[in-house]
Structure formats: structure tokens, C-alpha cells
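Biologist: Could you take a close look at one part of this model, the second largest pocket, and tell me what lines it? Please set it beside what can be said about the packing of the interior.

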Amino acid sequence: MPVVQLDGQLSFVRISLAPSEVPKLLERHRSEYPETEDVEQRAKRLIASDFPPSDSREFVARVCKWGGGQRLVSRICKAGDATIAQSLKSAIDAIESVNVAWAIGELQHLPHLGLSFASKIARFLAPDKCVVLDSVIRTRIGYVESQEGYSEFLQDCFQLLQMLRTSRAPDAAFRDLRVCDVEAAVFMKVKGKNHNVSP
């Protein structure tokens, strides 16, 4: 594993990502998770309608299905539709107040909802402000499973987003990237067996 000096410290580099890889990684992500756009649209409608309880439950169920956590749905639903709706409202209020880590904590008050799926819900509620921090990224890159670990990964994704937007890569679509797109590219990169994608 390469060691480089960053900000005066020696750092182990777990992955490297060339700007030219990002479009192909995002294409793979869309192919493997074809329901992403549909779930994003559901989130927009849910927010616009002020979180009706039954729609809130259905949204959480769709996010769990999207993320491969169908087994969690019945356990989370034991909280009741009104509690789920209130948790989503509290989370979006926190996100809009620029306190994403607190939003993750609010979502984790729902039964059996860990950081991974709380971050998946947050990502769909605010794709331009939130990312997913799941076990793949945590274990392969080295983020801690905590609100602090989430905040660190989110900050790193925003930094990467800024670097991509100002890179000399030929794809002008980088200007339209959201922070969740950066996370999706990182996820596909580390998920790959050899951590390598041909540009």
C-alpha cells in the first residue's frame, strides 16, 4: 500500500481515483442500481408532501430494498408510520441546518437502523449534501462506523467533488456532479475486485 506525505503527515493511500475513471464508475453504478433515480424522485415527492406517514414507511422500505436490506424493513416498521415520518422530518431539518451527522443520528433512533442504512436514507433525502457510508467503504478505505467517521467521509467526498470540478478532465459533466455521485464512484472503485477500472 503506497505511503505519501500529506499535510506534513505520512499517509497510507488505500485507493487512487483518476478523474477519467469517474464516468465509467458512475455508469456501472447506474447499471447495478437501476432504481436509484426512482427512489430519488420518491424522496422529492415525500419532502414536497411533508412526509405523510404511510408514504414515509414506504420510502424507508424502498431505500432498504435498494441497499439490499429487505430483512430490516419489518423491524424498522415496528416503530410505526408516525414515528418514521417524524424521524425523516427531523433528519431533513438537520440536513437543511447543515448538520448532516446529527441527521444520521436522528435516523438511527429508528429500531435496527444502523449507520449504513441511516446514511442511505439521508443520501436519498438530500443527494447534493449526503453520502452513503457502508461497510464496503468503511472496511476497504478505513472510516470509523460513527457519526465522526461519517462526517470525515462526507468532507472527503466534498473535497474530491471540488477537485473533480476543477480538474482538467475533458468531461464537462463534472460540473453537474453531486456529492452522492462522488461517493457512488468511490464505492464502485473499492467494490471492484482489483480496485481498478480502465478509463
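Modeller: A pocket here is an open set of grid points, on a 1 Å grid over the protein atoms alone, with protein on both sides within 12 Å along at least five of seven lines. In this predicted model, the second largest pocket has a volume of about 390 Å³. Its lining is made up of 20 residues, of which Leu26, Arg30, Leu177, Arg178 and Asp181 are the closest to the pocket centre. Two or more lining residues come from each of helix 1 (22–32), helix 2 (36–48) and helix 10, and helix 1 gives the most, with five residues. Sorted by class, the lining holds 10 nonpolar, eight charged and two polar residues.

Turning to the interior, the largest nonpolar core has 58 residues, among which Phe59, Leu88, Ile121 and Tyr150 touch the most other members; helix 10 (residues 179–191) supplies the largest share of this core, eight residues. Leaving aside neighbours within four places in sequence, Leu88 is in contact with Phe59 and Ile121, and also with Leu46, Phe51, Ser56, Val60, Leu107 and Leu125.

Phe153, in helix 9 (residues 147–165), counts as buried because its relative accessible area is 2%, where the cut-off is under 20%. Not counting residues up to four places away in sequence, Phe153 touches Val131, Val132, Leu133, Ile137, Tyr143, Glu183 and Val186. Between Phe153 and Gly142, 11 residues apart in sequence, the C-alpha to C-alpha distance is 9.7 Å.

Conventions: Residues are numbered from 1 along each chain as its sequence is written. This is a predicted model: local features need pLDDT of at least 70, side-chain atom pairs count only at pLDDT 80 or more; totals for chains, interfaces and linings use all residues. Side-chain values use heavy atoms; hydrogens and water are left out. A nonpolar core is a set of buried Ala, Val, Leu, Ile, Met, Phe, Trp, Tyr and Cys residues joined through side-chain atoms within 4.5 Å. Buried means under 20% relative accessible area, exposed over 50%, partly exposed in between (1.4 Å probe, protein chains only). Helices (H or I, at least four residues) and strands (E, at least two) are DSSP runs, numbered from the N terminus. Contact means heavy atoms within 4.5 Å. On a 1 Å grid over the protein atoms alone, a cavity is a set of points where a 1.4 Å probe fits but cannot get out, and a pocket is an open set with protein on both sides within 12 Å along at least five of seven lines; lining residues have an atom within 4 Å of a point. Grid points are joined across faces, edges and corners, and a volume is the space filled by probe spheres set on the points. Ala, Val, Leu, Ile, Met, Phe, Trp, Tyr, Cys and Pro count as nonpolar, Asp, Glu, Lys and Arg as charged, and the others, Gly among them, as polar.
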